[in-house]
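Hi everyone, thanks for making time this morning. I'd like to walk you through a structure that some of you have been asking about, so grab a coffee and have a look at the screen.

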Amino acid sequence: MDFSAYLTILIGVLPPMCAGILATFAITLIFKTSYTTNFAQGVISAIGAYVAVELTLEKGLPLWGVAIIGVVVAFVVGMLIDVCIFRRGKNVNAIGKQIITMGLISLFVGVIPFIFKVANYESVPLQPFIPITKQLVIGKVSIPYNTFVGLGLTIVLMVLVFVLLQKSKWGLSVRATASNEIVAGMMGINTKVITAISWAIAGALGAVAAIIYIGNATFSSALVMTTTQINAFLAGILGGFATFYGPVVGAAIIYLLDVIIGCICIHVPELSMWKSAVVYGIVMLLVLWKPQGLFGKKMVKKV
Amino acid sequence: MTAKNDYLVKKMLAEQQKEQSAKRALQIFDKFKHHPVLGYVIFAVVLVLLQVLAKEGMISTSFIGAVGSTLIYCIVGLGFCLLLGYSALASLGTAGFIGIGAYITYFCFAEYNVGVGVAFLLVIVVAVAVGVFVGFISLRIEGIYLAIVTLGVAQIIKEVLSALVDTIKISAKDITIFGMGFEIREVKQAVFFLIVAIMLLLMWVTHNLINSPTGRAMLAMKNSTSAAQAFGISLMKYRLLAFVFSTILAALAGLLYMLYIRSEQNSAGTLFTLSTSLNILGAVIIGGTKSIWGTIGGTFIIFGIDKMFLQDIKFFNDNPTLITIVCGLLVILVVMFFPGGLVQLVKGGIFKLKTLFVKWRVRRYGIEE
């Protein structure tokens with residue numbers, strides 16, 4: 001059996017997988033510090049990507065530089081959202097917070113065409129970091145160098161973030177805020193700052209995810225990250241929001257399932273139509289089997 | 001003498017009778033005045049009048065079209081009101097359920113041409129099945145987790161449906177409603193009346209459901225599942241009921257949507273996506289989760305206001321994205337500052353007006369003895 005076909009599928013999935021893992025971590029960070037599912041995550045990251053695209057296409061700046069600017073903008077936007085809205089809405093319940101993030105989607109989708117000229121293009125051709133034509137060829141398999149860039153960036157960022165979470169003072173404060181905000185505040189942790197920085201980091205990671213993602217896909221609208229975001233939510237449920245690493249592993253599982261089903265589809269062409277449905281179906285069954293997530297802890301409810 | 005007495009007695013009796021009947025009439029009127037269904041009936045009558053006026057050309061067709069499509073979302077909202085406001089089950093699968101209804105209708109009309117009665121039955125049967133399935137999921141998973149799982153269910157439904165047929169479209173000449181055929185011009189009107197009738201019926205059913213022991217049980221379940229179970233309320237029964245009810249309403253809305261808009265594409269591809277589910281959730285929250293009128297008001301704000309009013313204003317017409325900005329801001333502000341929804345705002349406003357009136361009267365006439 002030809003092994004290279006499988007590898008080609010795996011390599012095709014790698015860039016979205018990197019984006020998915022970054023987005024999942026961002027969503028987990030916000031879920032644990034603000035107790036809400038941030039539906040606006042995709043749009044915030046799209047803003048970062050739009051900054052990068054605007055500066056490359058309109059001003060002709062190199063992508064490496066503008067990517068950093070885009071990430072910084074998303075960082076600031078994330079922080080502003082927390083400072084302006086969520087800090088003031090402490091008495092809003094969990095579902096209310098979800099609705100606020102939904103309102104943010106409409107707000108940003110409306111604002112983006114006013115700020116960015118590129119938003120009015122039909123589709124935006126963003127050049128990846130290294131042109132897609134430059135490829136590493138091993139036998140029958142060819143891997144674009146750009147994929148390595150995305151993969152390397154994701155691994156470096158994830159390792160950095162997890163080391164910081166475990167070893168740094170910031171990480172300790174985040175973990176304390178996540179387990180109990182009020183007690184963390186009583187212990188002298190400035191939970192407001194921690195929450196704001198969590199939002200900012202989530203925005204920045206999202207922007208990196210979006211830039212990796214759109215280097216390999218067409219960038220058509222502010223809602224380009226929606227699929228990634230839905231995968232990220234499901235990954236959170238699959239891994240369990242109780243830990244930080246659970247959702248990330250969940251994201252990897254979802255995208256690897258995609259690869260596996262894709263490989264099966266080579267042999268069973270009729271299945272390819274139902275590919276996504278099968279992947280989501282398997283995820284659903286896993287979630288029903290373990291409602292707390294694969295790495296979740298059972299919550300004991302006090303009455 | 002006796003004749004005069006007789007006459008007086010008769011007159012008195014007649015006056016008494018008159019008074020009594022007037023009193024009775026007043027009592028009946030009072031009963032109806034406070035009967036909640038009266039409001040729904042008036043609402044339906046107003047809607048029918050709007051359609052009649054539109055036919056006479058006094059209201060633009062785009063306005064009445066916007067009202068019609070908003071009413072369809074109102075039906076979804078009613079189901080959601082019971083689900084979220086009374087059972088505290090947050091679901092993001094709504095778009096998928098609407099999609100199921102729409103696709104069944106498409107197959108019934110465009111592929112097999114079996115008419116609206118069969119479509120109704122099929123939609124309800126499938127919706128019950130799906131509702132029971134999701135209801136069982138809700139027994140295992142709760143809160144925000146449930147919202148995400150139902151989102152996944154909706155995603156599966158979307159993938160399956162779009163794998164079946166890519167885009168769906170019914171032509172107006174295929175539509176018959178309970179054996180009646182219509183001219184192509186009149187189809188939209190007839191469907192509008194159908195929507196209003198179903199809407200009225202569903203408002204009434206929802207009202208009764210909310211004010212019955214079922215609604216009480218759901219509220220108990222919302223506040224504390226453990227306490228509710230201690231009082232002998234079966235979680236399974238009421239969660240399944242809530243999901244089945246809301247799924248049926250969503251699927252029915254899908255059916256009406258296909259009859260009214262007749263093409264999935266007209267909604268700019270937003271019919272089965274996450275944003276539809278989110279918008280319906282937003283509409284119910286903005287209006288006030290525990291009120292039928294609130295739900296309807298919220299739906300009109302989210303879905304109706306841009307197409308009904310703002311599009312006609314030149315400023316908004318030139319910058320169509322401003323409408324999205326306004327809607328987004330409105331949602332954020334309402335949730336932040338009026339957690340009880342617009343119903344709370346309106347009720348609070350009426351209460352304030354009443355107190356102001358009382359104060360004015362006291363100042364003008366002094367305190368009543």
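I'll start with chain B as a whole, then go through some of its helices, and finish with chain A.

One thing to keep in mind throughout: this is a predicted model. With that said, let's get our bearings.

Chain B is built from 15 helices and two strands. Its C-alpha atoms fit a box of roughly 95 × 55 × 50 Å along the principal axes. How many of its residues count as buried? Of the 369 residues in chain B, 50% do. The chain exposes about 18700 Å², and 65% of that comes from carbon and sulfur atoms. If you take the contacts in chain B with a separation of 6 or more, 77% of them are between residues 24 or more positions apart.

Now let's zoom in on helix H8 of chain B, which covers residues 213–223. Its buried residues are B:Thr214, B:Gly215, B:Ala217, B:Met218, B:Leu219 and B:Met221. What covers them? The cover includes H3, helix H7 (187–210), helix H9 (225–230) and helix H10 (235–260), again in chain B.

Let's take H3 from that group. The axes of H3(B) and H8(B) come within 8 Å and cross at roughly 45°. That angle makes H3(B) oblique to H8(B). On the H3(B) side, the contact is made by B:Leu82, B:Leu84, B:Gly85 and B:Tyr86. On the H8(B) side, the partners are B:Gly215, B:Met218, B:Leu219 and B:Lys222. You'll recognise B:Gly215, B:Met218 and B:Leu219 from the buried residues I listed a moment ago.

While we're at H3, follow the chain into the loop between helix H3 (61–86) and helix H4 (94–111) of chain B, and you'll find B:Ala88. Its phi is near 55°, a positive value in a residue other than glycine. Is B:Ala88 buried, exposed or partly exposed? With a relative accessible area of 34%, B:Ala88 is partly exposed.

Next, helix H7 of chain B, where I'd like to point out B:Thr206. B:Thr206 has a relative accessible area of 0%, so it counts as buried. Which residues does B:Thr206 contact, leaving aside its neighbours within four places in sequence? They are B:Leu78, B:Phe245 and B:Ile292.

B:Ile292 takes us to another helix pair. Helix H2 (residues 36–56) and helix H12 (residues 292–308) of chain B pack at an angle of about 25°, with their axes 11 Å apart. That makes H2(B) roughly parallel to H12(B). H2(B) brings B:Gly39, B:Tyr40 and B:Phe43 to the contact, and H12(B) brings B:Ile292, B:Trp293, B:Ile296 and B:Phe300. So B:Ile292 turns up in this helix contact and also among the contacts of B:Thr206.

On to the surface. There is a nonpolar patch on chain B formed by B:Leu329, B:Leu333, B:Phe337, B:Phe338, B:Leu345, B:Val346 and B:Ile350, with about 620 Å² of accessible area together. The elements giving two or more residues to this patch are helix H14 (321–337) and helix H15 (342–365) of chain B. B:Phe338 sits in the loop between H14 and H15. At 31% relative accessibility, B:Phe338 counts as partly exposed.

H14 of chain B also holds B:Ile325. This one counts as buried, at 12% relative accessibility. Which residues does B:Ile325 touch, not counting residues up to four places away in sequence? They are A:Ser106, A:Leu107, A:Gly110, A:Val111 and A:Phe114.

That hands us over to chain A. Here, helix H5 (residues 145–167) and helix H6 (residues 169–179) have axes that come within 5 Å and cross at roughly 75°. H5(A) and H6(A) are therefore roughly perpendicular to each other. From H5(A), A:Leu164, A:Leu165, A:Gln166 and A:Lys167 take part, meeting H6(A) residues including A:Trp170, A:Leu172 and A:Arg175.

Last stop: A:Tyr35, in the loop between helix H1 (4–34) and helix H2 (41–59) of chain A. Although it is not a glycine, A:Tyr35 has a positive phi of about 55°. A:Tyr35 counts as partly exposed, at 33% relative accessibility.

That's my tour, and I'm happy to go back to any of these spots on the screen.

Notes:
Residues numbered from 1 in each chain as written. Chains lettered and ligands numbered in written order. Predicted model: local features only at pLDDT ≥ 70, side-chain atom pairs only at ≥ 80, totals over all residues. Heavy atoms only, no water. Patch = residues over 30% accessible without salt bridge, like charges linked within 9 Å, V, L, I, M, F, W, Y side chains within 5 Å. Areas by Shrake-Rupley, 256 points an atom, 1.4 Å probe, with all protein chains shown as cover. Salt bridge = Lys/Arg side-chain N within 4 Å of Asp/Glu carboxyl O. Helix = DSSP H or I, 4+ residues; strand = E, 2+ residues; numbered from the N terminus. Buried < 20%, exposed > 50% of the residue type's maximum accessible area, 1.4 Å probe, protein only. Axes fitted to C-alpha atoms, helices over the stretch in contact; angles between N-to-C directions. Parallel < 35°, antiparallel > 145°, perpendicular 65-115°, else oblique. Contact = heavy atoms within 4.5 Å.
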